[in-house]
Each structure stands twice: as C-alpha cells, then as structure tokens.
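Hi,

Here is the structure I said I'd send over. Have a look, and my notes follow underneath.

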Amino acid sequence: MKTEINESKIFKVSRRDFLKSTSMSMSGLLLGLSFSCSDTSKKLTGNPDFVFSPSLFISLNGNGDVTLIAHRSEMGTGIRTSLPLVMADEMEADWSRVKVVQAVGDEKYGDQNTDGSYSVRMFFTPLRKAGATVRLLLEQAAAKEWGVDVSECKAQNHEVVHTSGKSLGFGYLAEKAAALPIPEESKITLKSPKDFKYISKQSSIVDLKAIVTGKAKFGFDNNHLPNTKIAVIKRNPEPGAGLKSFKADKAMEVPGVIKIFTLDPPGFPTTLNKPLGGVVVVAENTWAALEGRKALDVTWNKGTNADYNSHTYNGDMLQRAKTKGKVRRENGQVESALKNAKKVIEVDYMVPLLSHAPMETPCALAHVHDNVCEVWAPVQDPQGARKALAEALKLDPKAVTVNVTLLGGAFGRKSKPDFVVEAALISKTMGTPVKILWTREDDIQHDFYHFPAAQHLKVGIDENSKVTSWLHRSVFPPIDGTSDSKAKEASGAELSMGMIDMPYAIDNVCCETQQATVKTRIGWLRSVANIHHAYAVGCTLDEVAHARGVDPIQNTLDLLGSDRSIDFSALTSEFWNYGEKLEDFPWSTARFRKVIETAKEKSNWGKTLPKGSGQGFAAHRSFLTYVACVVEVTVDANNKIRIPKVDYVVDCGIPVNPERIKAQFEGGAAFAASLALKSEITVTGGAVQQSNFHNYQVARMTDAPFETAVHLIESNEKPTGVGEPPVPPLIPALCNAIFAATGKRIRQLPVRLA
C-alpha cells in the first residue's frame, strides 16, 4: 500500500458516457471529481492539487472535501440543502465535509427553473444515482488498492472499509477512483431507505448560520462592483402603455442624480420577460434615485386597458359563470340529474387579483461591457433570465452570466426576469455597473398578479341523501394571455389544478369554462389555479355536508368512494398530471383517504369548543402531494378572527427533508391566511389602487396561525414537492371553520364578516 502520492492528473470523463451510465439526460448530470493526495498514517487524504470530476454536481479533492453543486434557487424552501443531502447520502459523505456551491445559469445543469414544486420530484433519483456512482468508484478504488473483491468493500462515513476492518479515506482514494472507468448503470445500486443517513432525517439548512447572523447575501446585498450606480424607474400605472412626455429639470437638480432617460414600453400584452418601460433615473445612491423619481413630471399615454375596472370585470365573470360554458370534462348527465335532485346546492365563489409581495422586492445588479453581461440577481429561473438578457442585449447566451443570489421570498414572481433585463439595459446605456431597485410600491403596483377567478357550482342530492350531480364552472383569464392576446381559454393544466381532476365518486359531473381576457400582467403565484379551485370545491363540500346532515370529514370520505387509482385521462383529454405519467404518479384515493383520516385523528376533530370557535376541514391534492387540513378559529364580538391551531397531514412520498417540509407548511399556512383574510388588488382605470402594506395587507403575527402542526405520512413512494401544496386546502378549511364558529358562509375573498 502506498503511503505517499506525488503525482496528480486529470481524469477525463466523457460527459456522454456519464450521462449514459446515470441516465441523467433530463437533468444534464455529469460526473467530475477532483482529488488531491497527501500522506497520512490513516490514508485519509491524497494530492491536494488533484481534481477528479465524476459529476458536474459532485467534486472531491485530495483532502477529502466534497463540493456539491446546488442548481436550484433558494427562496426559503431549503432546496439548496435538500438535493445536496441526497447526493451526500448516496456517496456516504460526511456532511460536515461538504460544501455547497450555487450554480450559475447554464444549460449544462439541465432544468434550473425553480418553480412548480418539482425540484425534489425531478432530481431525487438522478442525483441519488450520481452519488451512488461516486460511492461505487471509491469502493472499486479501495478494492484495487487492497487487491480484494469490491464486494468486500463498503463506503461509510467518508471512508471505504474492508471486511477486515482496515479503511481508506475518500481523499486518499480520489485520484485512484479518477483513473477508473465510469461503472455501467447496471452496476449502480441505490441505498435501501433503511440505510439513509440524511434523507428523511432532521437537517438544518446550509445557509442557516449566515442567515441568522446577517451574513447571507440576498439580491439586495450585491454592492461589490466599483462605480455601481443605482437606478429606479417610473412606470406607467397601466401596464404596457407608453409615455407621452416628461420633464426632468427638477429631477436633475437633485444632488446625486446622474442621468434620466426612457425605456420603451412593450405594448400589451406585455409578455413575461420584457420590462414595462418608463422613465429611468440613475443616481449615485438610493436616496438620490428615489428623490429624482419623485421630481419627475410625467404624462402617460392611455393604452388598451385604460377602462379596466376590476370590480366591473369580476362582476362580469361571475355573471358569465352562471351561464353554460365550454365543456372541459363531462361524465353522465348533469342537467337531468340536477332536475331530478331532491335538493340542489347552488353557490358562487370569487377570488380577487392577488400580489406575490415577497419580502425582498425585485432587484438586480448588472454589468454590461465589452459585449459581455454579468448579473447578480435573486431569480428562480437563471437560464430563462440568461436567454432574456441575451435577446434584449443581442448577445450570444454564452456571453451572459447569471449569478444566483439567495432569494428573499419569491412565490413565483422571480421566475420572470423583467427586472433583470431592466438592470442590464440600463447598465449598457450607462457603461457602468447598475443596480435596479424596485420599491414596495413598484412591486405592489406592477406585479404579475394571480388572476381573479369566479366559480359557480351546483350540486344535486337525491331523496336518499346521495350526491348525484356536480356542475362546476370556472372563469378566469389564462396566464398565457400575458404573452398572447388571443389566449382567453383556461388551459387544461390550469383546470387540472383542482377542477377537472375532482376525485369524488359522483355519477354525473360536468366542468365548464368561459373565456376571459387578460387585462393586466398575470402570472404564477404559489399553488396557481389550485388557490381558487380548492377554495370553491372545499367550501362547497362543506355546504353539501350540512345539506346532507353529515359530518364534513365523513361527507368527504363518503364521496371519495372506494380505494382506487383514478385514470383522469379517460375522463377528460385535458387532464394534466403536473408533467408526470399517471403510472408513475397515480391519483390514489387510498392515499387521499389516509391523510383525511389521519387529520381527523390528529386534530381531535369534533372536540368541544367554546362559543365563537370552530373547526373547519378541507383536503386537496396538488403538485402530486396529498394534504388534509383542519383549521381552528375563534371569532370575537368585533369579528376579529384568530387561528389558534392548524393541523396538516401530508403525504409527499419519501419525506426527503422533514424539517424543511414542516417549515414549508408553517410558512404556507401564514401565506394562505394572508390570501384568505387580508389580500386584494383592485384596479381602476387600468391602474392598481394599492401601493404598500398599508392597503395591500398580509397576515400580521396576530392573524397568522399561532400553532401549525405538520404530520407526515411515512411512505416509500416517490417524493413530491411541498412548496405549494400547503396553500390550497387551508383557505377552504379556514372559511369552513369560520362558518362553524359564526354560521356565516364565506363565498368571496378576502373574508369580510362585518
């Protein structure tokens, strides 16, 4: 056995070969290890200058230190920790020896759009294979070193141990592993779940210390480039409409203001990537930029949505929801079943425009020079930002580098790179680094809002108290309308978020839609169309329960029917399973039933409560995760609503990082409470009326749930996302609890009891 290694070399791994061996074509995984070696008596390390790259996502140096690439954006979900944990677990790496590095936006990493709650679902298995491949390479290297069969060697806790008890460290083995061919995929064995060291165990996020000590770098913290200028923009209150004229004399008199110029408006629809345009103020500091903007005298043009009034628009949607629309799913004969019903429940539900309102507003630092562009920004989709920047600047994408910072909240807003493009265009004009700032007012008034939605439902019940018919009409403008003026029909994907995938065993079902025209910028907000569909369905079920004289949870279980996998594609050609095949992620009523029954048990459902208190229940499957929720509320004589307790029961398959799942549901409960109790965007004359948290309110500490208990179902099913699933069921559960406490039905958000 060698005691010292004096040479190092780069092991050339074919990306194609590794892709073959790990089936990582979807995620773009490459192996790439780096090893260095030095002599120690325990042979733990090797050459410190050697770099072995068995994976694009994994490297290991001769000191034994492991570097793992996080290619997803961290916005509070803990994904910068969860996916590296998966690799480390399969590698048998010591987590204390692991360093996580954030990837720049680059196609070589595969999909980087951190959206849609699919990061864990998409990358769990591929990254396990990557880690397992490295583990096998290290075991093979040790076997060769000892002249034994590899079956006698086992990696554990950052070293490979022989059955005799002798061991070699990962650092020592690195260079030797680099000289080996990548194993065939058939040789790769994933761990049994019972052997997981980090997966499904409690783990703190890698950014925790930096965040709690104030050292973490968010988008707003980037001030590292010399001569950086600060920019703000005065935008037309009507999205997409242009500028008629402006006077900059007074603004230029503000000390520190450097330059004032215009960015062209995109017209309407605005698209998802282009800036809104407006009058740009560039200054030496933030104060000067904001004061300069205040001093501008601007006259705006009126656009095609100058007559947009959200109150009128929403009322029109609600009226049209009551008339027959385009059939999107139909089973049985709903009309005749409703005519023959002994009792018909007919209800309307309305959700207003909603803003993302992340605590960190959009911002970006850009430096465009010498036909290259580099930005630092809190973006969910760095590849999308890179593409948008290249198009706006007319550069080769290879000349654009997008550095991803930590995100101070996003909820879907920062998947759109308009603010990053703003920074780059201004930097190009100025010839200096520029940081664009969006104030809270900018953010509230120029968001990509969650669309308003009107819902109309009719449910028929026969003389035997059986639910015989279900008619659901949903009217809302499609997100595609932000880019395409012809898009007026909700997509199948949007309707598969809680409407056409309604799972209850009812003989006669009809789901219909009406067209709706986009009047402002709209986009994805945490849980998307599940928000209004779960609200309407969950509250209607509660009304059905009371009409039947049945406990609400028992009513839901009754309607769910026998345990089965539902093939929604046989019921409607428009069904969308969040991009996954049903055979891989079946719609299982057994799993749905289990979360419901567990919620009943864990929440002590039906317990005696004082006057003015109530429990409400709802359950919903979204993003392939099953969630049941029980909310307890109190309502005082002044109609002040408080939420003492929320119980969630969650089946998300293998719970990869339980601590982060619980955190996601705690945050999701507060987010959903905001949407239900506080939040509403209104528009008059095409302009948003709200401007800050004084009139676009979110839940304060006294409004948010006092206690959120999260109960995870033990499972070996494929893991699914948890970022968005907390939101949909809480809203109807909350409204049903308010009904239990007060007798008042909440059919329009935000909740108004007075």
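Among contacts in the protein chain with a separation of 6 or more, 77% are between residues 24 or more positions apart (contact means heavy atoms within 4.5 Å). Bear in mind that this is a predicted model, where local features need pLDDT of at least 70, side-chain atom pairs count only at pLDDT 80 or more, and totals for chains, interfaces and linings use all residues. Residues are numbered from 1 along each chain as its sequence is written, and side-chain values use heavy atoms, with hydrogens and water left out.

On overall shape, the radius of gyration is 28 Å, close to the 27 Å from the globule rule for 754 residues, so the chain is as compact as a globular protein of that length. (The radius is taken over C-alpha atoms, and the rule is 2.2 Å times the number of residues to the power 0.38.) Those C-alpha atoms fill a box of roughly 85 × 75 × 45 Å along the principal axes.

As for the inside, 62% of the 754 residues count as buried, i.e. under 20% relative accessible area with a 1.4 Å probe, protein chains only. The largest nonpolar core has 114 residues, with Ile 596 and Tyr 648 making the most contacts inside it. A second, separate core of 54 residues includes Cys 153 and Phe 170. (A core here is a set of buried Ala, Val, Leu, Ile, Met, Phe, Trp, Tyr and Cys residues joined through side-chain atoms within 4.5 Å.)

One residue to click on is Ser 469: it is buried, at 0% relative accessibility. Beyond its neighbours within four places in sequence, Ser 469 touches residues including Val 334, Lys 458 and Asn 508.

Cheers

Key
Buried < 20%, exposed > 50% of the residue type's maximum accessible area, 1.4 Å probe, protein only.
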